[in-house]
Amino acid sequence: MRLSSLADYAVVMMAAAARRCGGAGRLNATMLAQETGVPLPTVQKLVSRLSSAGLLESARGTGGGFRLSRPPSAISLADIVEAVEGPIAMTSCVDDGRQDCGLDHHCSVKPHWNAVNDAVRGALAGVSLASLTRAPAPPVAMHRLEVMN
């Protein structure tokens with residue numbers, strides 16, 4: 001499974017917004033494009049999607065721009081991905097309304113896909129935007145186990 005470029009860019013943008021506009025500060029699309037390297041038209045498109053999903057709030061005019069609609073600790077990676085790509089659905093079996101699988105009526109795996117899908121969504125929901133703005137933890141040293149013969 002791989003996230004689309006748009007979902008990846010949205011995560012990068014939201015992390016930058018979380019770092020830059022704590023409190024009452026606001027960003028604009030040009031600043032965010034410069035900081036992240038995401039092309040300005042893409043930033044504008046994603047700001048619109050993220051605003052529609054309720055993750056960003058915007059204001060027009062002097063002093064306008066956008067900011068996070070809630071604290072970074074209350075926004076998950078799943079929220080961002082779903083704002084851009086729609087509901088997380090690993091297969092069409094778990095995508096409500098889509099029944100385009102030719103194996104649908106005799107598939108022995110279908111009953112298990114919801115558990116897999118829930119695990120993936122749960123993993124993404126367990127990562128907050130706040131955690132993406134902190135410095136990464138240093139790698140854990142690996143100890144060699146020596147086997148005695």
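# A tour by selection

Leaving aside neighbours within four places in sequence, Thr42 is in contact with Leu6 and Tyr9. Select those three residues to start. The model on screen is predicted. Thr42 belongs to helix H3. Is Thr42 buried or exposed? Thr42 is buried, because its relative accessible area is 18% and the cut-off for buried is under 20%.

**Zoom out: the whole chain**

Now show everything as a cartoon. You should be able to trace six helices and two strands. In sequence order the pattern reads α-α-α-β-β-α-α-α. Colour by accessibility next. Of the 149 residues in the protein, 30% are buried. Switch on the surface. The protein exposes about 9,600 Å², and carbon and sulfur atoms supply 54% of that area. Then consider contacts between residues at least 6 apart in sequence. Among these, 63% join residues at least 24 apart.

**Stop 1: H2 against H3**

Select residues 29–36 for helix H2 and residues 40–52 for helix H3. Their axes come within 9 Å. The crossing angle is roughly 120 degrees. That angle makes H2 oblique to H3, because the range for roughly perpendicular is 65 to 115 degrees. The crossing of this pair is right-handed.

Show side chains at the contact. From H2, pick Ala29, Thr30, Leu32 and Ala33. They meet Leu40, Val43 and Gln44 of H3. What classes of residue make up the contact of H2 with H3? Five are nonpolar, two are polar and none is charged.

**Stop 2: H3 against H4**

Keep H3 on display. Add helix H4, residues 77–85. The axes of H3 and H4 come within 9 Å and cross at roughly 110 degrees. H3 is therefore roughly perpendicular to H4. H3 passes H4 in a right-handed crossing.

Which residues make this contact? On H3, select Leu46, Arg49 and Leu50. On H4, select Ile80, Ala83 and Val84. By class, the contact of H3 with H4 has five nonpolar residues, no polar ones and one charged.

**Stop 3: H4 against H5**

Hide H3 and keep H4. Bring in helix H5, residues 110–125. H4 and H5 pack with their axes 6 Å apart. The angle between them is about 115 degrees. H4 and H5 are therefore roughly perpendicular to each other.

Show the side chains here too. H4 contributes Leu77, Ala78 and Glu82. H5 contributes Arg121, Leu124 and Ala125. The contact of H4 with H5 divides into four nonpolar residues, no polar ones and two charged.

**Stop 4: Leu3, before H1**

Go back to the start of the chain. Leu3 lies in the segment before helix H1, which covers 5–20. What does Leu3 touch, not counting residues up to four places away in sequence? The answer is Val81 and Glu85. Draw a C-alpha to C-alpha distance from Leu3 to Val81. It should read 8.1 Å, although the two are 78 residues apart in sequence. Leu3 has 32% relative accessibility, so Leu3 counts as partly exposed.

**Stop 5: Ala89, in the loop after H4**

Next, select Ala89. Where is Ala89 found? Ala89 sits in the loop between H4 and H5. Its relative accessible area is 29%, so Ala89 is partly exposed. Now add Val120. Ala89 and Val120 are 31 residues apart in sequence. Their C-alpha atoms are 9.2 Å apart in space.

**Last stop: Asn114**

Finish on H5, where Asn114 has its place. Asn114 is partly exposed, because its relative accessible area of 43% falls between the 20% and 50% cut-offs. Select Thr91 as a partner for one more distance. How far apart are Asn114 and Thr91 in space, C-alpha to C-alpha? The separation is 9.2 Å, with their positions 23 residues apart in sequence numbering.

**Selections to save**

- H2 with H3: Ala29, Thr30, Leu32 and Ala33 with Leu40, Val43 and Gln44.
- H3 with H4: Leu46, Arg49 and Leu50 with Ile80, Ala83 and Val84.
- H4 with H5: Leu77, Ala78 and Glu82 with Arg121, Leu124 and Ala125.
- Leu3 with Val81 and Glu85.
- Thr42 with Leu6 and Tyr9.

Conventions: Residues numbered from 1 in each chain as written. Predicted model: local features only at pLDDT ≥ 70, side-chain atom pairs only at ≥ 80, totals over all residues. Heavy atoms only, no water. Helix = DSSP H or I, 4+ residues; strand = E, 2+ residues; numbered from the N terminus. Buried < 20%, exposed > 50% of the residue type's maximum accessible area, 1.4 Å probe, protein only. Axes fitted to C-alpha atoms, helices over the stretch in contact; angles between N-to-C directions. Parallel < 35°, antiparallel > 145°, perpendicular 65-115°, else oblique. Left-handed = near helix turned anticlockwise from the far one by under 90°. Contact = heavy atoms within 4.5 Å. Nonpolar A, V, L, I, M, F, W, Y, C, P; charged D, E, K, R; others polar. Areas by Shrake-Rupley, 256 points an atom, 1.4 Å probe, with all protein chains shown as cover.
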